[in-house]
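Q: Please take a close look at one part of this model, and then follow the description outward into its surroundings. A connected account in prose would be preferred.

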Amino acid sequence: MSLESQELEELKSKIGRNPTSTELQIVAAEWSEHCSYKSSKKHLKMLPMEGPLVITEKGYDSGVLDVGGGYVVTAHIESHNHPSAVEPYGGAATGVGGVIRDILSAGTRPIAIFDGLRFGNIEKDQQARWLFKNAVTGIADYGNCLGIPTIGGEVEFDGCYENYALVDVAAIGFGKKENLIKNHSKKGDLVVLMGGSTGRDGIGGSQFASDSLESEDRSAVQIPDPFIEKLIIEAILEARNQKLIHAMKDLGGGGLSCAISETADALEIGIEMDVAKVHTRESDMHPDEIMVSESQERMLIITGKDKLKRLQDICKKFHIGCSVIGRVTSDNKMHIKKGNRTFANLPTDVVANATLLDLPSKKPIYLDSIEKEKKLKSISDYSKLMIKFLASPNIASKIWIYSQYDHEVGIRTVVKPGRDASVLRLDNGKFLSAKIDGNPKHCFINPREGAIGCFEEACRNVVCTGAKPIGMLDHLQFGNPKDPEIFWTFLESLKGLTDFAKFFKIPCVGGKVSLYNETPKGPIKPTPVIGVLGLIEKNPLISKKISDGDSLVMVGNTKDEMGGSEFFEYIHKFVGGKCPIVDFDESKNNMNAVLETIDNQLVKSAHDCSKGGLAVAVSELCLINNVGCKTLLGKIPGEKLEVDRILFSESHSRYLLVVEKKNIKELEKILQKHKTVFANIGKFGGGKIEFTHGTKSIIDLRVDKAQKTWLNSLRDLVLHG
Amino acid sequence: MKVGVVVFPGSNCDRDMYHVLTDVFHLDTQYFWHEKGLPKNIDAVILPGGFSYGDRLRAGVIAAHSPVIKDVQKMAQKGIPILGVCNGFQILVEAGLLPGVLLKNKSLNFMCEWTNLIVENNKTPFTNQFKIHEKIPIPIANGEGRYYVDNETLKEIKKKNQIVFRYSEVVNGSTNKIAGVCNEDGNVVGMMPHPERATESEINPIDNKPSSRIFESLMVKMGVKN
């Protein structure tokens, strides 16, 4: 956990002398993969980051979108994988804390949290169950205490995460454009450290996260304190209102080292600081420890001399620490002292800009044969299979999770969790829709198409609430990048996301790369997680009660794309086949068509078709709305396929629309206008979920019975194994 | 009429409550920081939900020792309407203004869901616009929301008509399914569910919004509404 030998040589030649021990610690933290993005940064530039709504400002840790009427939305995504794999409660909780402070640094109030969680097979693996349960509690305890609603997310279980955990947290902020912090500073300004005390927790956390997880180094995991975080949020927003903040940065990975060097570098200033002024938890901390501690709930603020008193008064009101630790200079150096003694004196551009790598990549060999299918056992009883499927951890309702999260505080949540995407009301009369999605099973089979699929799925989800996608967050999670095969999968995913983003003109407003995600059995599957923000000008689609006789209309083609499907992997235990591929033109037509039908208030409910395919999507509509449905498999749009493929293919760009009889004609006109492929495939009513093919009944389930299974199985699994 | 919303360190439903009082019911509302006293001209006081002091030791117990509580106690004695919601209820209980205690939910989990309340006492300043046994759909969001009293106290609060709300079904293991109680005089009411989350159609999945009448009851009591 230190600099590699060529990096040390590089540092020496850049500063023209041997570094001190403190300097080594600072540079090792800042040049770690976690802080510097040295393996990925060169390539990340390919993503489109600009758009008519995007506001950019130096030094922002979150993306900013102008949503009109003088208001902005901010968004960011982070993960806390390594810590959560060792200490799931604290790791997940501090993951929430970190991303919230990124939102706060722009000067906006955090208004929503999303979490994406991945664990091993919880049906068999007790360790995975323990990690899952405690990560959920960690997120709940932290987010609930802050009073920021956790309104959505996704959870997935896959053997590739055995003894490991992926905990991704996205957050959304909201505020007035005029209140955004315009990061600026001049010589003589004061550097203030605000919030919790600096302790020995999280020492070396960023390096810990930049290596494969070999030891259970719990001291590298930070200790959460949501109460202090809540006080910081209120104190900073009060200071923002009084215009006391010139520049601001959250202390995250790399602690003070990273915050000081990056702030100074972004603002082109120097900072002189005295570690003796930092309020610490223990009195005997060494300057090295103070500089790299990743204790949570701390913010770095640059303020004017004339404003200090008012800032201190605010901190006093909230009883939170507020230390003047340094001042702004003009020499572009970070000068770290303890009293009069210098411990480090480094040019900030050297510290903040690690040399970027251009790692080699090579197509993995396994991909040559992965698309071949093997002969699978035929299914004798689809109804029985469906009950098993609805109870499976990846398909079952996630109500056990989201009912532990306060998803209503803040009274903005118009569409609550458990639907396609959640919707928040904004103060300008508009609505924001958001969703995060990932699919490592698809990405393993085809890293490029799989990543595009995650992006499209998140878009479909916000479209189902009537929202037009306006921004995207990407979180790219892979194994060790020094393995050329792994790095190839990273590049492929990134290229796919870039192509889709450019085609749809959806700017990437924030992202994160997490590498070295390795388990004792090897690297995780490529796991990009994509968040999409959508804006609704007027009317969000809030599902209306489905009545007997309402029609089920399906938009989009069902194709023979079974690779990576839940049906292949969960039912047949088979990894392989061709994964679904998004046809960009079809995707665009379908998206625009569905949005227009929602705009014209022709649909009662819209639902995307994804994990588990058509069979699961129709069942979910029935289970959520407590109504039966009879679906005719012969009418499903697309090529002629076997029954199991029609039921369980996970082809993209497909939507299910619930339509009243009187609106069918008008709906069809719009769908035709956009050149979509669609069909009226079923009718709601009765108390059963039925699928028929010709005259043959394929699936016949009672809604109440299926509901019980679907709603309770995840909870029962966690509580009783 | 003037309503005070008390803010403790860690309160997080204060802004929601303020929004509902000002923008939905158009009441003159003011925040009061817990270290300050309450002025004499306040007509009603609301203690909002949240995690005062991060729920350390026990939900509400530290906030119950805040300077502002002395004024709340004085106002309670004078008969001024006081409502505690969620953490506000926990604080009122810990301050000895209401009977009973609030324990961890039976599931041991935080619970965020919609429940149905049954009105048991329609004589309080917050329930006078309800019929007895009327049903109110309303959300809960708490980890320590299980109301508990011993048998003797239960008999007593029943006799004195201090049970204000009960859940229509078993939700979290509360004694007698109690969701809200009042003091002997009926002017201090505490409830675990969040009425401020159920007064606007936009965020309320259930069509009519009976929990609005909790605030309208107060307005009728204060003579600003017929």
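A: Helices and strands are here the runs assigned by DSSP, of at least four residues for a helix (H or I) and at least two for a strand (E), numbered from the N terminus. On that basis Cys86(B) falls in the loop between β4 (82-85) and α3 (87-94) of chain B. The model is a predicted one, and the values below are computed from it.

Cys86(B) has a positive phi of about 55°, although it is not a glycine. Its relative accessibility is 5%, and Cys86(B) therefore counts as buried, since the cut-off for that class is under 20%.

A residue with a positive phi is also found in chain A. Ile411(A) has a phi of about 35° and is not a glycine either. This residue sits in the loop between α15 (399-402) and β14 (413-415) of chain A. Ile411(A) is buried because its relative accessibility is 4%.

Ile411(A) leads directly to the boundary between the two chains. There, 28 residues of chain A are in contact with 28 residues of chain B. Between them the chains bury about 2,300 Å², and carbon and sulfur atoms account for 57% of this area. Of the area that chain A buries against chain B, 26% comes from Phe227(A), Ile411(A) and Arg425(A), more than from any other three residues.

On the side of chain B, Asp16(B) belongs to helix α1 (residues 14-24). With neighbours within four places in sequence set aside, Asp16(B) is in contact with Val409(A), Gly410(A) and Ile411(A), as well as with Glu196(B) of its own chain. Asp16(B) has a relative accessible area of 4% and is therefore buried. The C-alpha atoms of Asp16(B) and Arg197(B) are 7.7 Å apart in space, while the two residues are 181 apart in sequence.

Within chain A, helix α20 (residues 584-599) packs against helix α18 (residues 484-504) at an angle of about 45°, with 11 Å between the axes. The two helices are therefore oblique to each other, and their crossing is right-handed. From α18(A), the contact draws on Asp499(A), Phe500(A), Phe503(A) and Phe504(A); from α20(A), it draws on Phe584(A), Asp585(A), Ser587(A), Lys588(A) and Met591(A). Sorted by class, the α18(A)-α20(A) contact comprises five nonpolar, one polar and three charged residues.

Helix α20(A) also packs against helix α17 (residues 447-463) of chain A, here at about 10° and with the axes 10 Å apart. Angles under 35 degrees count as roughly parallel, and α17(A) and α20(A) are therefore placed in that class. Their crossing is left-handed. Ile452(A), Glu456(A), Cys459(A) and Val463(A) of α17(A) meet Phe584(A), Ser587(A), Met591(A), Val594(A), Leu595(A) and Ile598(A) of α20(A). By class, the α17(A)-α20(A) contact has eight nonpolar residues, one polar and one charged. Phe584(A), Ser587(A) and Met591(A) of α20(A) thus take part in both packings.

Another pair of helices in chain A is formed by α6 (residues 88-105) and α7(A), whose axes come within 7 Å and cross at roughly 40°. That angle makes α6(A) oblique to α7(A), and the crossing is right-handed. Among the residues that α6(A) contributes are Pro88(A), Tyr89(A), Ala92(A) and Val96(A), and those of α7(A) include Trp130(A), Leu131(A), Asn134(A) and Tyr142(A). The contact of α6(A) with α7(A) contains 12 nonpolar, four polar and two charged residues.

Ala128(A) lies in the same helix α7, which spans residues 126-146. Its relative accessibility is 1%, and Ala128(A) is therefore buried. Setting aside neighbours within four places in sequence, Ala128(A) is in contact with Phe119(A), Gly120(A), Asn121(A) and Ile122(A). Arg118(A) is 10 residues from Ala128(A) in sequence, with a C-alpha to C-alpha distance of 9.4 Å.

The last site is Ser649(A), in the loop between α22 (643-648) and β25 (655-659) of chain A. Ser649(A) is buried because its relative accessible area is 0%. Beyond its neighbours within four places in sequence, Ser649(A) is in contact with Thr558(A), Lys559(A), Glu561(A), Met562(A), Gly613(A), Leu614(A), Asp644(A) and Arg654(A).

Note on methods. Residues numbered from 1 in each chain as written. Chains lettered and ligands numbered in written order. Predicted model: local features only at pLDDT ≥ 70, side-chain atom pairs only at ≥ 80, totals over all residues. Heavy atoms only, no water. Axes fitted to C-alpha atoms, helices over the stretch in contact; angles between N-to-C directions. Parallel < 35°, antiparallel > 145°, perpendicular 65-115°, else oblique. Left-handed = near helix turned anticlockwise from the far one by under 90°. Contact = heavy atoms within 4.5 Å. Nonpolar A, V, L, I, M, F, W, Y, C, P; charged D, E, K, R; others polar. Buried < 20%, exposed > 50% of the residue type's maximum accessible area, 1.4 Å probe, protein only. Buried area = accessible area lost by both parts, 1.4 Å probe.
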